[in-house]
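Colleague: Please take a close look at the pockets in this model for me, starting from the surface and working inward. I'd like to know what lines them and how they sit with the rest of the protein.

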Amino acid sequence: MFTLRRSADRGHFQHGWLDTYHTFSFGEYDDPAWEQFGRLRVMNDDRVAAGQGFGMHGHRDMEILTWVLDGELAHRDSLGHEEVLRPGELQRMSAGTGIRHSEFNPSPTTPVHLYQIWLLPDRNGHEPRYGQTAFPRDGRQGRWQLLASPDGRDGSLTIHADSTVSVAELAVEQSLTTSLAAGRRGWLQVLRGRVVVNGHELVAGDGAGVTEETDIALTGAAPSQVLWFDLD
């Protein structure tokens, strides 16, 4: 079964410096029908204006992933990390017992486009930690590239959840498959372009929750980038 979440139906706020879309309830946006999808709690599609950003603030007991599509994002946190996140790099924060951070667009002229994703951890109270890894683009062209997993296999970042996150890029008419084991659920998020998934056409910003399906087949209808979540 596919449950479609169309881009135009997401929560949308224009704060001047921040243009943001929320797939699930977040902040001022409250939609009882879209609180979360299993362990997947937040899927925010953010565009941050040049020279602007999120000031220092705190989180607890959440696995937070950030993937930049365009531009750069400067990170600082209470653990002492100061990093710059660029396209093709995944940032992971395990908030655990508490972490404070800021995310800022350091460019004086260019907006940054990013997705911030929250996953519920396997338990509360983990020690906070930060990680960031660059993933070569050729590793996701026409195939799945593992970004995050519970065991850090294949160079992925480790998360405190029995779930995986993968990315793929598809050319026009290029196809790719994946599968779900019994009792698992999946979420597909289209970051760029347009794809056809088991007969459903999805465009950038669209998402699809997948349950009770064994095989999932994607075909690029335009040059596309997608995220796939295999969730417990």
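Modeller: A residue is called exposed when its relative accessible area is over 50%, buried when that figure is under 20%, and partly exposed in between. Keep in mind that this is a predicted model. E173 makes a handy first example: its relative accessibility is 66%, so it counts as exposed. You'll find E173 in the loop between β15 (164-170) and β16 (175-179). Its backbone is worth a glance too, since E173 isn't a glycine and yet has a positive phi, near 70 degrees.

D154 tells a similar story. It sits in the loop between β13 (145-149) and β14 (157-158), and its relative accessible area of 69% is over 50%, so D154 is exposed. Again the residue is not a glycine, and again phi is positive, at about 55 degrees.

Now step back for the whole protein before going into the pockets. There are 22 strands and zero helices. The radius of gyration is 17 Å, close to the 17 Å that the globule rule gives for 232 residues, so the protein is as compact as a globular protein of that length. Along the principal axes, the C-alpha atoms fill a box of roughly 45 × 40 × 40 Å. Of the 232 residues, 52% count as buried. The accessible surface comes to about 9900 Å², and carbon and sulfur atoms account for 47% of that. Contacts reach far along the chain as well: if you take those between residues at least 6 apart in sequence, 70% join residues at least 24 apart.

So to the pockets. The largest one has a volume of about 250 Å³. It is lined by 16 residues, and those closest to its centre are L18, H22, F26, N44 and F54. Four strands each supply at least two residues of that lining: β3 (18-22), β4 (40-48), β5 (53-59) and β10 (99-104). If you care about the chemistry of the wall, the lining has nine polar, four nonpolar and three charged residues.

The second largest pocket holds about 150 Å³ of space. Its lining is made of W67, V68, L69, P87, G88, R137, R140, E169, R192, P223, S224 and Q225. Two elements, β6 (63-70) and β22 (224-231), give two or more residues to it. Of these, β6 gives the most, with three residues. By class, this lining has five nonpolar, four charged and three polar residues.

Next, some loops that tie in with these pockets. Take A204, in the loop between β19 (200-203) and β20 (207-210). Leaving out residues up to four places away in sequence, A204 touches S7, V190, L191, R192 and G193. R192 is a name you have just met, as one of the residues lining the second largest pocket. A204 has a relative accessible area of 34%, which falls between 20% and 50%, so it counts as partly exposed. From A204 to M43 the distance is 13 Å, C-alpha to C-alpha, although the two are 161 residues apart in sequence.

G38 belongs to the loop between β3 and β4, and both of those strands help to line the largest pocket. At a relative accessible area of 25%, G38 is partly exposed. Beyond its neighbours within four places in sequence, G38 is in contact with L120 and R185. It also sits 14 Å from L180, C-alpha to C-alpha, with their positions 142 residues apart in the sequence.

Finally there is P106, in the loop between β10 and β11 (112-119). Here β10 is the link back to the largest pocket, as one of the strands that supply its lining. P106 is partly exposed, with 40% relative accessibility. Its contacts outside the four places on either side in sequence are E72, L73 and A74. For a sense of span, P106 and A221 are 115 residues apart along the chain, and their C-alpha atoms are separated by 34 Å.

If you want a quick tour on screen, start at L18, H22, F26, N44 and F54 for the centre of the largest pocket. Then go to β6, which gives the most to the lining of the second largest one.

Note on methods
Residues numbered from 1 in each chain as written. Predicted model: local features only at pLDDT ≥ 70, side-chain atom pairs only at ≥ 80, totals over all residues. Heavy atoms only, no water. 1 Å grid on protein atoms, 1.4 Å probe; cavity = no way out; pocket = protein on both sides within 12 Å on 5 of 7 lines; lining within 4 Å. Points joined across faces, edges and corners; volume = space filled by probe spheres on them. Nonpolar A, V, L, I, M, F, W, Y, C, P; charged D, E, K, R; others polar. Rg over C-alpha atoms; globule rule 2.2 N^0.38 Å. Buried < 20%, exposed > 50% of the residue type's maximum accessible area, 1.4 Å probe, protein only. Contact = heavy atoms within 4.5 Å. Areas by Shrake-Rupley, 256 points an atom, 1.4 Å probe, with all protein chains shown as cover.
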